[in-house]
Amino acid sequence: SEAVVHGWVIQTCRGIIDVLRPEYMRKPTPEETQEIQRMFSTRRGLMNVGAAVDGTHVPWQPENELYMEHFHNYKGWYSILVVALVNSYYMFMDAEVGRPGRMADSTAMQFSNLYNDMLKDSDSWLGENGVMLSDGACGIADFVLTPYPGTNLNAMQQYFNFCHSSTRM
């Protein structure tokens with residue numbers, strides 16, 4: 001029945017969050033952070049990069065019409081926002097899932113437990129003097145490195161943006 005399947009889905013999700021997440025989505029050790037920074041730097045030479053963050057939209061149709069507009073994203077459809085932090089091995093370190101699609105990546109990040117942990121001690125997540133690469137939409141803290149905005153950029157700024165994007169992707 002639908003109720004039984006719903007119960008299994010909830011139990012499976014709870015198991016993933018309680019058992020697997022602490023093992024696979026966690027703060028790296030200092031040794032792991034050094035290796036993550038080293039691997040990021042081999043891509044395009046950006047130093048001290050401890051993580052990359054970006055958001056994506058997962059299609060979702062709200063059942064309650066009162067909340068539909070909150071989930072109507074800038075792309076023109078309904079979604080739930082996922083903001084994820086990854087290391088240089090493309091492994092998730094943390095994710096914020098379930099914010100309304102209308103919300104900006106930076107706003108979702110500001111509401112996340114991860115962001116608040118990083119504000120208290122970014123070095124433990126990103127390494128000493130570490131930075132987190134983000135697109136221009138998520139430049140919300142000193143430890144967040146974003147590309148130069150705009151299109152009227154000099155050659156050095158364009159090259160930096162190329163290196164930034166190549167490393168983040």
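This is a short walk through the structure shown above, from its overall layout to its sheet and then to a patch of charge on its surface. Please keep in mind that the model is predicted.

Let us begin with the whole chain. The protein chain has 5 helices and 5 strands, and along the sequence they follow the pattern α-α-β-β-β-α-α-β-β-α. Taken along the principal axes, the C-alpha atoms fill a box of roughly 60 × 40 × 25 Å. Of the 169 residues in the protein chain, 35% count as buried.

Now to the sheet. Its 5 strands form an open sheet with mixed pairing, in the order S3-S2-S1-S4-S5. The edges belong to strand S3 (92-100) and strand S5 (144-145); each has a single partner strand, so one side of each is left without a neighbour in the sheet. As a reminder, strands of a sheet pair through backbone hydrogen bonds, in either a parallel or an antiparallel sense.

Both senses can be found here if you step across the sheet. Starting from the S3 edge, S2 and S3 pair in the antiparallel sense over 7 bridges, and Ile80 has Pro100 in S3 as its bridge partner. The hairpin of S2 and S3 has 5 residues between the strands, and in this hairpin Tyr90 takes a positive phi near 65 degrees. On the next step, S1 and S2 are also antiparallel, with 8 bridges; here His57 stands opposite Leu81 in S2. The sense then turns parallel: strand S1 (residues 49-59) and strand S4 (residues 131-133) pair that way over 3 bridges, and Val49 stands opposite Val131 in S4.

Strand S2 deserves a second look. Why is strand S2 (residues 79-86) described as largely enclosed by the rest of the structure? The reason is that 8 of its 8 residues are buried, a label that requires under 20% relative accessible area. In a regular strand the side chains alternate between the two faces of the sheet. In S2, Ser79, Leu81, Val83 and Leu85 point one way, while Ile80, Val82, Ala84 and Val86 point the other way, and all are buried.

Finally, let us move to the surface. Asp117, Asp121, Asp123 and Glu128 form a negative surface patch. One of these residues, Asp121, is found in helix H4 (residues 113-126). Is Asp121 buried or partly exposed? Its relative accessibility is 37%, so Asp121 counts as partly exposed.

Definitions and conventions
Residues are numbered from 1 along each chain as its sequence is written. This is a predicted model: local features need pLDDT of at least 70, side-chain atom pairs count only at pLDDT 80 or more; totals for chains, interfaces and linings use all residues. Side-chain values use heavy atoms; hydrogens and water are left out. Patches are made of residues with over 30% relative accessible area and no salt bridge: like charges are joined within 9 Å, nonpolar side chains (Val, Leu, Ile, Met, Phe, Trp, Tyr) within 5 Å. Accessible areas come from the Shrake-Rupley method with a 1.4 Å probe; for residues, only the protein chains shown count as cover. A salt bridge is a side-chain nitrogen of Lys or Arg within 4 Å of a carboxyl oxygen of Asp or Glu. Lys and Arg count as positive and Asp and Glu as negative; His and the chain ends are not counted. The place of a charge is taken as NZ of Lys, CZ of Arg, CG of Asp or CD of Glu. Helices (H or I, at least four residues) and strands (E, at least two) are DSSP runs, numbered from the N terminus. Buried means under 20% relative accessible area, exposed over 50%, partly exposed in between (1.4 Å probe, protein chains only). Two strands pair if DSSP finds at least two bridges between them.
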